[in-house]
Amino acid sequence: MNTNSGVTHSVTANNSPGSTPPERRGPKSWDELNGLWWIIPRSFRKKVSVSTSGCWEWTGVLEEGYGRYSGMAAYRFSYRRLVGPIPVGLHLDHLCRNRACVNPQHLEPVTPSENTRRACHTRLMERAVRCGL
């Protein structure tokens, strides 16, 4: 368990992509987000396209696949505004494996080592599919 500013986040080393994620805070739909217009600026919302997978895809500037907004990663901006502070020492993992996604329901605070492990697992699985394994 990691706590920061009264926000509690569960962090385990056994969470793996595809496992059932814990209950997430923040808006659960794009319609719900639009009802929170005072939390997320219109300039941000105008750069998001909702996909059928539930991802909120960033359509603005991308750097290495990650959206950029107001001098920071767009997914971090979204998480901070809609969920709360990112716990100190943790990274946000894209559970959907889509770097352009800014949906806080698709983001999970994890340790840096867990984030790296998940990324390596994803790359290995993609390689296996390409190679027909």
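Entry 1, core. I looked up the largest nonpolar core in this predicted model and found 18 residues in it, with F44, W58 and V102 having the most contacts inside. I then listed the elements that give two or more residues to this core: β4 (56–58), β7 (72–73) and α3 (74–82). Of these, α3 gives the most, with 5 residues. For background, I noted that nonpolar side chains in soluble globular proteins tend to be buried together.

Entry 2, F44. I left aside neighbours within four places in sequence and asked what F44 is in contact with. The list is W58, Y69, A74, F77, S78 and V102. W58 and V102 in that list are also named, with F44, for the most contacts inside the core.

Entry 3, N103. I placed N103 in the loop between β8 and β9. Is N103 buried or exposed? I count N103 as buried because its relative accessible area is 4%, and the cut-off is under 20%. I next checked its polar partners. The N103 side chain reaches the backbone oxygen of G54 at 2.9 Å. A polar atom of the same side chain lies 2.8 Å from the backbone nitrogen of Q105. Not counting residues up to four places away in sequence, N103 touches G54 and W56.

Entry 4, the strands on either side of that loop. I found strand β8 (residues 91–94) paired with β9 in the antiparallel sense, over 4 bridges. In this pairing I noted H91 opposite V110 of β9. I then looked at the faces of β9 (residues 107–110) and found both covered. L107 and P109 are buried on one side, and E108 and V110 are buried on the other.

Notes. Residues are numbered from 1 along each chain as its sequence is written. This is a predicted model: local features need pLDDT of at least 70, side-chain atom pairs count only at pLDDT 80 or more; totals for chains, interfaces and linings use all residues. Side-chain values use heavy atoms; hydrogens and water are left out. Buried means under 20% relative accessible area, exposed over 50%, partly exposed in between (1.4 Å probe, protein chains only). Two strands pair if DSSP finds at least two bridges between them. A polar contact is a pair of N or O atoms within 3.5 Å; within protein, one must be able to donate a hydrogen and the other to accept it, and residues adjacent in sequence count only if both atoms are side-chain atoms. Contact means heavy atoms within 4.5 Å. A nonpolar core is a set of buried Ala, Val, Leu, Ile, Met, Phe, Trp, Tyr and Cys residues joined through side-chain atoms within 4.5 Å.
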